Amino acid sequence: MRLLLGLISPQQGTVTISDGKGEYPMSPVFRHRIAYVPQGNYLFSGSIRENLLLGNPNADDAAMKEALKQAAADFVFTMSAGLDSELKEGGKGLSGGQIQRLAIVRALLHGGDVLLLDEATASLDEETEKDIIHSLKIHGKDKMIIVVSHRKQVIDVCEKKYILKYL
């Protein structure tokens, strides 16, 4: 993952990203074009809105609501204060799946050309996971979405599959 994010350089060869218009070397300069969601995510104390604005400080309510729907995080709409619901440090009080969905929302708000999900749906039930992957496939047509997963149902949705095996 560090290689793909441009945090380290390969010992041989190069890592490039192609968007159909050009090919770009993976480097720290390119990193701002990547929204990365790891398996373990963190939320800060403060409101849901404040946590989501970390992805894009200029996001308005409409953009947040759309991203919440895409990430199957509609549970926010059922909370008494909605986007202004207060969170405890680390997202205590929310389930692991809810925390992951809010992290995906934050990444969607970030924008960028590449959305990298590294086991980002591991804490979700299969149905919610399918909803998110299908939603991202529909709404993320302008992005390259890279999904790292051990779960077959996630990989089956992908257009291209690369299976890594340890020798």
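What follows is a walk through the pockets and one surface patch of this structure, which is a predicted model.

The largest pocket holds about 1400 Å³ of space, and 28 residues line this pocket, with Ile145, Ile146, Val147, Lys160 and Tyr162 lying nearest its centre. To find the walls of the largest pocket in the fold, the reader can look at helix 5 (126-139), strand 7 (144-148) and helix 6 (152-155), each of which supplies at least two residues of the lining. Of the contributions to that lining, the largest share comes from strand 7, which provides five residues. Sorted by class, the lining of the largest pocket is made up of 16 nonpolar, three polar and nine charged residues.

The second largest pocket contains about 170 Å³ of space, and its lining includes Ile34, Ala35, Tyr36 and Val37, together with Leu54, Gly55, Ala103 and His110, among others. Two elements, strand 3 (34-37) and helix 4 (96-110), give two or more residues each to the lining of this second pocket. By class, eight residues of this lining are nonpolar and three are polar, while one is charged.

One residue of that lining, Leu54, also leads the reader to the surface, where Leu54 forms a nonpolar patch with Tyr42 and Phe44, the three together having about 300 Å² of accessible area. In the chain, Leu54 sits in the loop between helix 1 (48-53) and helix 2 (61-70). Is Leu54 buried or exposed? Leu54 has a relative accessible area of 52% and therefore counts as exposed, since that class begins over 50%.

Terms used. Residues numbered from 1 in each chain as written. Predicted model: local features only at pLDDT ≥ 70, side-chain atom pairs only at ≥ 80, totals over all residues. Heavy atoms only, no water. 1 Å grid on protein atoms, 1.4 Å probe; cavity = no way out; pocket = protein on both sides within 12 Å on 5 of 7 lines; lining within 4 Å. Points joined across faces, edges and corners; volume = space filled by probe spheres on them. Helix = DSSP H or I, 4+ residues; strand = E, 2+ residues; numbered from the N terminus. Nonpolar A, V, L, I, M, F, W, Y, C, P; charged D, E, K, R; others polar. Patch = residues over 30% accessible without salt bridge, like charges linked within 9 Å, V, L, I, M, F, W, Y side chains within 5 Å. Areas by Shrake-Rupley, 256 points an atom, 1.4 Å probe, with all protein chains shown as cover. Salt bridge = Lys/Arg side-chain N within 4 Å of Asp/Glu carboxyl O. Buried < 20%, exposed > 50% of the residue type's maximum accessible area, 1.4 Å probe, protein only.
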